[in-house]
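Student: I would like a close look at one part of this structure. Please take me through the ligand site, and then through the sheet that belongs to the same model.

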Amino acid sequence: MRGVLLRAASRYPSVLLRTPSLGLRFRSGGAQKSRKRADAKPEPPRPPKRLSPSRTAYYARQTRTPELTPPLIPQFKSHEDTLSRFRELGPQWAKTSAARERLVSFGVSLDDARKLLSAYAAEIEGQFFDDPLVLAQYPVFKLGGADHLDAEVVHSQTFFKWIKTRAASQLGPSLQDAIALLTKISEAVTQKHVAEGFERARSIRRTFIMHVGPTNSGKTYHALRALAGAKSGIYCGPLRLLAHEIWERLNLGQVAPLWATPEQIAEAAKIKSSVDHPFARECNMLTGEEIKVVKEGAPLSSCTIEMLALARYRDVAVIDEIQMIADPARGSAWTLAVMGLFAKEIHLCGEDTAVPLIQKLVEETGDELIIRRYERLTPLIVEEESLDGDTSRLQQGDAIVTFNRTSIFALKAKIERETPMKCATIYGNLPPEIRSQQAALFNAGNTGYDVLIGSDAIGMGLNLKIRRIIFDVVSKYDGSSDRLLSTSQIKQIAGRAGRFGMQNPGDKPGGFVTTLRSEDLPVVRRSLPKPNTPVHYARLPIETGSILLVSALLPKNASTQTIFSAHMYAGELPDNYMPRTIPKLDTMSEFLDTRDLSLASRSLMMEAPFPWREFLVQDAISKLLKLYDDNSFVDLQKFLEDMGFDEKLRDVENAMRTGAKCSGEPFQPSRELRNLEAVHKMIVVYVWLSFRDPIACAEFELAQEIKTRLEKALHWCLEEMTFESGGQAAKGKGKDPMASIEFVQRRKKQLVTERLEERWVQRGMM
Ligand SMILES: Nc1ncnc2c1ncn2[C@@H]1O[C@H](COP(=O)(O)OP(=O)(O)OP(=O)(O)O)[C@@H](O)[C@H]1O
């Protein structure tokens with residue numbers, strides 16, 4: 001049975017962008033040492049709570065201008081432009097060691113690899129590609145708009161096409177074996193007719209309704225109304241948090257169905273949200289780690305897009321953040337949804353830059369496309385001045401955006417020490433449950449949590465009661481350097497200010513944007529009117545069938561990196577598509593290849609949400625993989641004890657009860673928070689695996705129980721950090737209407753398998 005599950009689960013291994021940093025250890029003993037308001041503004045929102053005017057060393061440090069690397073995405077304006085860049089860059093690419101070593105890893109001798117690459121470079125220099133009819137047969141045009149990772153893929157795919165179609169006739173007999181091998185590898189991973197692979201979706205004529213416009217323009221609102229009024233339907237979003245929010249709103253009757261008249265909506269608005277509300281719809285939820293079954297076979301469901309089941313018929317489907325179809329790592333889930341959803345009416349919500357690509361994809365599927373454009377519902381005003389580092393100018397309803405965890409907590413500590421305000425925090429490492437709680441504390445308005453400090457995790461979907469967004473920085477570390485935020489990122493984050501219908505009574509609708517430092521304000525001012533980052537290609541997933549085919553052609557000991565590289569670099573794809581890319585594949589491969597895992601297990605583990613980059617859990621990842629590999633069973637309790645996770649959690653729970661020390665040291669919520677976040681991530685991995693391999697990871701209930709305990713402890717730590725820095729821990733927040741939703745949180749073993757098998761059926765594989 002396990003084999004069957006693994007085979008099914010690895011049909012579309014989505015390989016995530018993670019990298020282990022080796023050699024660092026989790027310490028179980030808690031000894032981890034961490035490390036003039038604008039004249040143009042129409043009306044000040046309300047008298048600000050004044051903060052201390054003093055500026056700390058933190059802000060002094062912030063006054064330096066960081067060295068920024070601008071986004072490196074060349075745009076080619078014309079055919080000639082593209083050709084001349086290709087003539088220059090193609091031969092350079094052919095001389096790189098990466099190109100050579102990749103061929104060697106595919107089983108070609110070093111000597112043959114050199115000869116093939118220099119013959120290819122000579123063809124470019126010898127003007128073979130200058131004929132427009134020849135050039136049109138190669139994917140060279142995809143270099144326009146490509147970043148350096150995609151450019152590498154395009155150069156390589158162009159080379160492989162040349163190998164398949166021309167090299168054999170140009171080169172001597174000694175190279176024919178190498179050409180034949182590379183041709184077979186390329187053919188094994190080539191995908192030609194994407195739309196034809198989805199028979200059920202092709203059996204009906206679908207109508208796409210695309211809602212595009214700026215942030216806070218009501219795109220999702222209109223799509224959700226169609227869903228709430230449908231006989232059957234599904235919402236697919238990019239985040240667990242969003243899937244959860246939609247699940248909650250549908251069950252509590254917070255979305256007016258399309259059929260409701262304005263009078264009915266006004267009448268319903270007088271009734272409190274609950275499962276008995278006249279607009280309430282039964283809706284289940286499915287994410288990678290969680291299934292909430294309100295009712296078996298409920299008409300509606302809400303899921304993260306990777307969990308979408310394609311075979312089941314639905315009247316209405318909503319796909320949120322459609323521009324993510326181009327996301328190198330995750331976009332393939334959006335591509336599958338657009339091409340394969342078996343639904344009569346499909347609503348796509350997102351940025352207008354996705355329109356041209358969706359038009360081409362819908363042309364390919366033969367469906368109908370209706371485009372609805374929206375304008376922002378409330379004004380968004382860039383203030384004339386920055387705060388100039390002066391936190392005394394902060395006001396209730398402000399959200400400061402910064403991308404570094406240390407900055408988040410430095411700001412939180414400073415503001416809470418020097419003012420009566422408390423800060424809610426939302427950042428990527430926090431579990432979605434805690435992010436929701438923090439959002440609720442900030443939105444409530446009467447909890448004392450007047451300021452929000454967050455990373456770009458606040459930028460997507462969440463309805464936050466933010467009056468003003470303040471950028472602490474306008475760059476983000478991308479793993480190698482500080483990069484300026486893209487236009488879309490700045491617009492998405494700034495757009496959180498002044499959400500429609502979320503202002504305080506008496507306030508004018510609308511939001512404001514500024515920066516903490518004056519030198520950053522022009523960047524924000526320039527970005528807001530600019531068009532969003534263009535969306536060029538839909539990403540295609542890697543199919544397990546081709547993984548098996550290609551690994552049979554590659555050398556016996558081929559690494560995970562080689563197998564997945566073959567898919568990215570050797571295939572041929574239709575014009576509108578690019579393969580999903582797998583940055584840091586080399587380091588992830590090193591991690592997996594040190595274990596004697598089967599190909600299916602490796603694919604499964606690459607898809608799992610392992611925090612590969614989290615140095616605190618490097619040992620835990622190794623240990624879990626070893627248990628999985630050696631025993632085919634992960635004893636959760638023992639795993640937690642061996643890693644010191646159990647002790648860590650009990651320590652914090654003890655401190656929660658008694659205020660006592662942790663492992664003999666004074667209790668430091670900031671240190672414990674970081675450890676608990678890391679443990680939580682490992683528990684999420686276990687829960688995720690327990691859906692896909694319920695025999696090896698059988699202790700689902702225990703994992704859920706620990707996860708809930710961890711979330712309580714995390715929430716407590718966040719509140720204690722307020723207390724620690726001079727504020728006061730939050731008090732009760734009133735009755736939660738969510739408590740009225742009854743559901744079974746269940747381990748529905750079959751679901752994931754069914755979902756993947758459905759895809760096999762869809763693609764004619766079963
Ligand atoms: N016609 C309307 N009547 C009442 N409320 C609305 C209406 N349109 C939008 N809203 C509310 O305005 C807010 C923003 O709408 P919505 O989330 O749909 O915008 P969006 O364009 O999808 O935003 P983003 O892209 O920033 O997520 C939501 O709280 C939504 O419920």
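Tutor: Here is the ligand site, followed by the open sheet and two helices that lie across it.

The model is predicted. Start with the shell around the ligand. It holds 13 residues, and the closest are Lys219, Thr220, Tyr221, Arg496 and Arg499. By class, the shell divides into 4 nonpolar, 6 polar and 3 charged residues.

Now the individual contacts. The side chain of Arg496 places an N or O atom 2.6 Å from a ligand oxygen. For Arg499, an N or O atom of the side chain is 2.7 Å from an oxygen atom of the ligand. Asn216 works through its backbone instead: a backbone N or O atom lies 3.0 Å from a ligand oxygen. On its own, the ligand has 630 Å² of accessible area, and the protein covers 79% of that.

Stay with Asn216 for a moment. This residue sits in the loop between β1 (207-212) and α10 (219-228). Its phi is positive, near 60°, and Asn216 is not a glycine. Most residues other than glycine have a negative phi. Gln127 also has a positive phi, about 70°, without being a glycine. Gln127 belongs to the loop between α5 (110-125) and α6 (132-135).

Next, the sheet. It is open and has 6 strands, in the order β9-β16-β13-β10-β12-β11. The pairing is parallel. Which strands stand at the edges? They are β9 (380-382) and β11 (422-426). Each has a single partner strand, so one side of each is left without a neighbour in the sheet. On average, neighbouring strands are turned by 25° against each other, direction ignored.

Look at one pair inside that order. Strand β10 (residues 398-401) runs parallel to β13 (residues 468-471), and 4 bridges join them. One position to find is Asp398, whose bridge partner in β13 is Arg468.

Two helices complete the picture. Helix α15 (residues 405-418) lies across β10, β11 and β12 (449-454). Its direction is at about 165° to β11. Helix α17 (residues 487-494) lies across β9, β10, β13 and β16 (511-515). Helix α17 runs at about 140° to β13. Strand β10 therefore appears in both lists: α15 lies across it, and α17 lies across it too.

Definitions and conventions:
Residues numbered from 1 in each chain as written. Predicted model: local features only at pLDDT ≥ 70, side-chain atom pairs only at ≥ 80, totals over all residues. Heavy atoms only, no water. Pairing = 2+ DSSP bridges. Axes fitted to C-alpha atoms, helices over the stretch in contact; angles between N-to-C directions. Contact = heavy atoms within 4.5 Å. Near = heavy atom within 4 Å. Polar contact = N/O pair within 3.5 Å; in protein donor to acceptor, adjacent residues only side chain to side chain. Areas by Shrake-Rupley, 256 points an atom, 1.4 Å probe, with all protein chains shown as cover. Nonpolar A, V, L, I, M, F, W, Y, C, P; charged D, E, K, R; others polar.
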